[in-house]
Amino acid sequence: MSSAPRIARVAVPAPVRRLFDYLVPSELPSPLPGARVRVSFGRRRSLIGVVVELRNESEVSPAQLKPVLRVLDQAPLLPPSLLSLLQWAAEYYH
């Protein structure tokens, strides 16, 4: 039996074109792709990002991953079709 993915790949409003991996603490509900989460970014900054996907593993060691601070949405604000379109547009126009 496999457990629910506990690593969220998050798009944050930062001037870099990549997703960031965050560990979802066990006391928080697992956010769905398209939902907003509050994460720490940089040294003392807290941002609101959008979960793009959930994974069981990361290229970064789990000990180095920062935790998701808060899950803001129980249901995704962006439906899968819109999230897919936004990912395509980001790839195409970047």
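## Close-up views of a predicted model

**View 1. Leu-83 is a buried residue of helix α1.**
With a relative accessibility of 9%, Leu-83 counts as buried, because buried residues are those under 20%. The model shown here is a predicted one. Leu-83 belongs to helix α1. To place Leu-83 against the strands, look for Val-37: the two C-alpha atoms are separated by 15 Å, although these positions lie 46 residues apart in the numbering of the chain.

**View 2. Glu-91 is an exposed residue of helix α1.**
Now follow helix α1 to Glu-91, which also lies in it. Is Glu-91 buried or exposed? Its relative accessibility is 55%, and exposed means over 50%, so Glu-91 counts as exposed. Look for Arg-17 as well: its C-alpha atom and that of Glu-91 are separated by 9.6 Å, while the two residues are 74 apart along the chain.

**View 3. Five strands make an open sheet.**
Trace the strands across the sheet and you will meet them in the order β2-β1-β4-β3-β5, with antiparallel pairing. Which strands stand at the edges? They are β2 (20-23) and β5 (68-71); each has a single partner strand, so one side of each is left without a neighbour in the sheet. The sheet is also twisted from strand to strand: neighbours are turned by 45° against each other on average, direction ignored.

**View 4. Strand β1 pairs with both β2 and β4.**
Start with β1 (7-11). Four bridges connect β1 to β2, and the two strands run antiparallel. On this side you can find Ile-7, which stands opposite Leu-23 of β2. Towards β4, the pairing of β1 is again antiparallel and extends over five bridges. Here Ala-11 has Val-50 of β4 as its bridge partner. Strand β1 is mostly covered, with four of its five residues buried.

**View 5. Strand β3 pairs with both β4 and β5.**
Strand β3 covers residues 36-41. Its antiparallel pairing with β4 has six bridges, and its antiparallel pairing with β5 has three. Val-37 is a handy residue to look for, since you can check a partner in each of these strands: in β4 the bridge partner of Val-37 is Gly-49, and in β5 the bridge partner is Val-71. Two positions further along β3, Val-39 has Val-68 of β5 as its bridge partner.

**View 6. A hairpin links β3 and β4.**
How many residues lie between the strands of the hairpin of β3 and β4? There are three, and in this hairpin Gly-42 takes a positive phi near 80°.

**View 7. The largest nonpolar core has 15 residues.**
In soluble globular proteins, nonpolar side chains tend to be buried together. In this model, the members of the largest nonpolar core that touch the most other members are Val-10, Val-12, Tyr-22, Val-37, Val-39, Phe-41 and Val-68. Which elements give two or more residues to this core? They are β1, β2, β3, β4 and β5. The largest share, three residues, comes from β3. Val-39 and Val-68 appear among these well-connected members, and they are also bridge partners.

**View 8. The largest pocket holds about 380 Å³ of space.**
Rolling a probe the size of a water molecule over the atoms shows where empty space is left. The largest pocket is lined by 14 residues, and those closest to its centre are Ala-11, Leu-19, Val-52, Gln-87 and Ala-90. Both β4 (45-55) and α1 (80-93) supply at least two residues of the lining. Which element gives the most? Helix α1 does, with five residues. By class, the lining divides into 10 nonpolar residues, three charged and one polar.

**View 9. The second largest pocket has a volume of about 230 Å³.**
This pocket is lined by 13 residues; Arg-18, Phe-20, Asp-21, Val-60 and Leu-65 are the closest to its centre. Strand β2 gives the largest share of the lining, three residues. You can sort the lining by class too: six residues are charged, five are nonpolar and two are polar.

Definitions and conventions: Residues numbered from 1 in each chain as written. Predicted model: local features only at pLDDT ≥ 70, side-chain atom pairs only at ≥ 80, totals over all residues. Heavy atoms only, no water. Pairing = 2+ DSSP bridges. Axes fitted to C-alpha atoms, helices over the stretch in contact; angles between N-to-C directions. 1 Å grid on protein atoms, 1.4 Å probe; cavity = no way out; pocket = protein on both sides within 12 Å on 5 of 7 lines; lining within 4 Å. Points joined across faces, edges and corners; volume = space filled by probe spheres on them. Nonpolar A, V, L, I, M, F, W, Y, C, P; charged D, E, K, R; others polar. Core = buried A, V, L, I, M, F, W, Y, C linked by side-chain atoms within 4.5 Å. Buried < 20%, exposed > 50% of the residue type's maximum accessible area, 1.4 Å probe, protein only.
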